[in-house]
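Please walk through the model below, from the overall fold to its cores and then to a few single residues.

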Amino acid sequence: MSISAIRTITWREVGDTLTDWRILAPMFILAFVLPLLLVSAANFAIRFIADDTTVPLLVPFVMLLVGFIPASFSLITALETFVGERERNSLEALLAMPISDGALYLGKLASSLLPPLISAFTAMGVFCTALWLGYPQLFARGLTAEYILVIVLLITAKAIVMVASAVIISSHTTSVRAANLLASFVLLPTASVVQLEAILIIGRTARAWAVLWLIVLLLAVIAIALIRTGMGAFNREEILSREHEQLNLRQVGRTWMTFFREYRPAGVAPEAYAHQRFSPGRFYRRELPALLRDYRLPIAVALIAALGGLLSGGYIGSTYRVRPLEAYLENIGRAPVPSLGLGLGIAINNMRVAALSGIFSLFVFGVFAFLVPAVAFAQISFVAGSLAGRGGSWLALGHGSPLQFVLAYVLPHGIVELPTAMLGAALGLRVGAALMAPPQGFTVGQNILWSLAQLAKMWLFVLVPLFLLAGLIEGLISPLVIVALYGA
């Protein structure tokens, strides 16, 4: 990948953008006029509210708003990157350039990102400077170096996420109208994140700002995933021929059934399959071990999620008192009545979580699947850590012992349920990764169908039996263990 090619495309596109007065005029207004208006509004708010403690709480949020509004206009330029070239009849000339697909994609991405980021940074700089010069006391009470850094990083991460998403949309649609309609799937989640950030900023507690740093990290991960997805899915030939493509549900179904009936590693074209009928015996003897070897990386990521949940839950339980869970801790030792219905209900709930987290992970790059083992192990370690924090011993049994809690409430069914949940999470993670980096020989659509076929096959023939077994143990045997250790 040539850096000079990326730089050439970037400066060419940025130059075209910054010489268009229809784009420069709103950028100037948002970068210089809007911040000054909001600084004046802050002065009016101080005099109108007559409370010196309220307005400083809003200053960081106003700075976030000043940066987000110009950055949100990145969608306009980003949605034009490829589909706009198609409507201007310049797409063929662009794709004929003698550079790699990666260089072309990154050049377009950078050119769509730089103008709104420059506008956002300028607006935040004008706001901070005007506030510092006009109302130094309000600036000192409302903003600190940490607040400014967090807000700048939040705006940068959100801008990259929006631009990367819009460039993917632009390269996979055939008209600007369709791209604008799909842009709502970017704006709505981003607006929800801004609302969450507003609540945390106005709350102005150390814990709230720690969550803001976590949001920065999550947005950065999502941005990297989106950029990788766009580069992996970008293909010149597909873009040129996309206007002639039609959705063929019958072909999609045949491809999925091919992947379901017979296991081959990802990347093997459907035409290379032997088109055998599905055989449970062959699946358990040969395909399941091969599939588990193929899923080594997702299983490792699920283990990392479980370890993270174990450590974070234990730390929170031993350090903080969470009031909604205090009543649960008081009920430790009370066993439910053993019943088949209880076991089946637990099994159905676990299967529902595994299925939904795997399917919805396709739209959030595996986040839901990652959360399943993280939350499950965090709950266990939270209770154990809380008991240990109250004086319970890991080396002796007793009502307040975390060791006894694990032996009674976790071990009997958890020895089956927890590894099964982690396997389900690994399947969901593979579904979420299907968009990011299709293996050589696969299109993005084939990679999604392959991962969904493996999810369905493993869910039916591995997860369902194991979740049923774990649910029956939890509904019929675990209550007896609890009574034996804690008493009636």
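The chain has 21 helices and 0 strands; both are DSSP runs numbered from the N terminus, with helices being H or I runs of at least four residues and strands E runs of at least two. This is a predicted model, in which local features need pLDDT of at least 70 and side-chain atom pairs count only at pLDDT 80 or more, while totals for chains, interfaces and linings use all residues. Residues are numbered from 1 along each chain as its sequence is written, and side-chain values use heavy atoms, with hydrogens and water left out.

Along its principal axes, the C-alpha trace spans about 75 × 70 × 35 Å. The chain has 488 residues, and 45% of them are buried; buried means under 20% relative accessible area, exposed means over 50%, and partly exposed lies in between (1.4 Å probe, protein chains only). The accessible surface comes to about 24,400 Å², and carbon and sulfur atoms account for 70% of it; these areas come from the Shrake-Rupley method with a 1.4 Å probe, and for residues only the protein chains shown count as cover. Of the contacts between residues at least 6 apart in sequence, 81% join residues at least 24 apart, a contact being heavy atoms within 4.5 Å.

Next, the interior. The largest nonpolar core has 68 residues; such a core is a set of buried Ala, Val, Leu, Ile, Met, Phe, Trp, Tyr and Cys residues joined through side-chain atoms within 4.5 Å. Helix H9, residues 145-171, gives the most to this core, with 15 residues. Phe127, Leu131, Leu143, Leu154, Ile155 and Leu212 have the most contacts inside the core. What does Ile155 touch, not counting residues up to four places away in sequence? Its partners are Leu64, Gly67, Phe68, Ala71, Ala120 and Met124. Apart from this core lies another, of 29 residues, and Tyr273, Phe283, Ala347 and Val462 are among them.

Phe283 leads on to helix H15, where Phe283 is buried along with Arg282, Glu287, Leu288, Ala290 and Leu291. The buried residues of H15 pack against helix H14 (249-261) and helix H21 (444-486). Helix H15 covers residues 280-294 and bends by about 45° at Glu287, the bend being the angle between axes fitted to the seven residues ending there and the seven starting there. A proline, Pro289, follows within four residues of that bend.

Helix H14 holds Thr258. Is Thr258 buried or exposed? With a relative accessible area of 8%, Thr258 is buried. Leaving aside neighbours within four places in sequence, Thr258 is in contact with Pro270, Tyr273 and His275. His275 is found in the loop between H14 and H15. The phi of His275 is near 55°, a positive value in a residue other than glycine. His275 counts as partly exposed because its relative accessible area is 48%.

Two pairs of C-alpha atoms add distances across the chain. Thr258 and Val367 are 109 residues apart along the chain, and their C-alpha atoms are separated by 28 Å. Thr319 and Ile380 are 61 residues apart along the chain, with their C-alpha atoms separated by 15 Å. Thr319 lies in helix H16, residues 296-319, and counts as partly exposed at 42% relative accessibility.
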